[in-house]
Amino acid sequence: MADKRLDDCLSTRGGHLFVEECDTLELLREFGSPLFVLSEDQIRRNVRRFQEAFQEGWPDGPVKILPAAKANWIPAVQCILASEGCGCDVYSSGELSVALQAGFPRELISVNGVPKDRDHIYRSVAEGVRLTIDSVEELDVIHAAATDLGRTARVRLRLKPAISGFVRHSDFSAEGLVPTDVAAMVYKGGLAFEDVVALGRRIQEMKNVELVGIHEHHGRHHPSTRYWEEQMIAFARELGKV
């Protein structure tokens, strides 16, 4: 069997599958089966490709990639991502622990999702990471935490715009043939435009809560690029850019 390069990471040599320079047969002999093998080089290549692609598409300012910790909690993987200059998107308290231990800059750790319980919010404020406000009720808890801890809480507001330009059925709904615009409104947390305005005004009056950005979750309701385009148009519309 001829040696063959399969991709940047995988190749066949002498009938054996190699991950980078490691013979998988030798790995199985050493560690047993089943065995999951991750390539540090491939992870780094992937991060750099993402960074370059997004930066090329957004020439108006710096871009930072924040992979979701829930995708892989392995500390070694998170340390690799941190060393590449990434940030980290976290949801649970356990994910926050992994991100802090990996050494991500605190200003590049983003705590998202609903619901966030009181202890998780207080810890996030104490650690100085950024919090995304996903519901109206969260601001009062964040404000209380910042006051009690004597810290400044840095927050973003999560928009949930109506995606009116794309109404095919969602591929991500247990209820069946639900239009994407409806599914996007009920599936994830987020704030209606009037709530964003109201919370923004309240935050401006708070000495210990700082508004540092706007956030939107782009759901996976349809595989077409047309759906993603409409998501971005809806997001830009709420920001007054279109």
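Here are some short exercises, each with a worked solution, on a predicted model.

**Exercise 1. How are helices α5 and α6 oriented to each other, and which hand does their crossing have?**

Start by finding the two helices: α5 covers residues 118-127, and α6 covers residues 138-149. Next, look at how they pack: the angle is about 50°, and the axes are 9 Å apart. Now use the cut-offs: angles under 35 degrees count as roughly parallel, and 65 to 115 as roughly perpendicular. The angle of about 50° fits neither range, and α5 and α6 are therefore oblique to each other. Finally, the hand: α5 passes α6 in a right-handed crossing.

**Exercise 2. Work out how α4 is oriented to α5.**

Helix α4 takes in residues 93-102. Its axis and that of α5 come within 11 Å, and they cross at roughly 15°. That makes α4 roughly parallel to α5, because angles under 35 degrees count as roughly parallel. To complete the picture, add the hand: the crossing of α4 and α5 is left-handed.

**Exercise 3. Where do Pro34 and Pro115 sit, and what kind of peptide bond joins each to its partner?**

Take Pro34 to begin with. Pro34 belongs to the loop between α1 and α2, where α2 spans 40-57. A cis peptide bond links Ser33 to Pro34, with omega about 5°.

Now turn to Pro115. You will find Pro115 in the loop between β6 (109-111) and α5. Val114 and Pro115 are joined by a cis peptide bond, and here omega is about -5°.

**Exercise 4. Is Glu20 buried or exposed?**

Locate Glu20 in the loop between β3 (16-19) and β4 (22-23). Then check its relative accessible area, which is 16%. Buried means under 20%, so Glu20 is buried. While you are there, have a look at the backbone: phi of Glu20 is near 55°, a positive value in a residue other than glycine.

**Exercise 5. Which residues make the nonpolar surface patch of about 390 Å², and how does Leu25 count in terms of accessibility?**

Begin with the members of the patch: Leu25, Leu28, Phe31, Leu35 and Val37. Then place Leu25, which is in helix α1, residues 24-31. Last, consider its accessibility: Leu25 has a relative value of 30%. Partly exposed lies between the buried limit of 20% and the exposed limit of 50%, so Leu25 counts as partly exposed.

Note on methods:
Residues are numbered from 1 along each chain as its sequence is written. This is a predicted model: local features need pLDDT of at least 70, side-chain atom pairs count only at pLDDT 80 or more; totals for chains, interfaces and linings use all residues. Side-chain values use heavy atoms; hydrogens and water are left out. Patches are made of residues with over 30% relative accessible area and no salt bridge: like charges are joined within 9 Å, nonpolar side chains (Val, Leu, Ile, Met, Phe, Trp, Tyr) within 5 Å. Accessible areas come from the Shrake-Rupley method with a 1.4 Å probe; for residues, only the protein chains shown count as cover. A salt bridge is a side-chain nitrogen of Lys or Arg within 4 Å of a carboxyl oxygen of Asp or Glu. Helices (H or I, at least four residues) and strands (E, at least two) are DSSP runs, numbered from the N terminus. Buried means under 20% relative accessible area, exposed over 50%, partly exposed in between (1.4 Å probe, protein chains only). Axes are lines fitted to C-alpha atoms, for helices over the stretch in contact, and angles run from 0 to 180 degrees between N-to-C directions. Angles under 35 degrees count as roughly parallel, over 145 as roughly antiparallel, 65 to 115 as roughly perpendicular and the rest as oblique. A crossing is left-handed if the near helix is turned anticlockwise from the far one by less than a right angle, and right-handed if clockwise.
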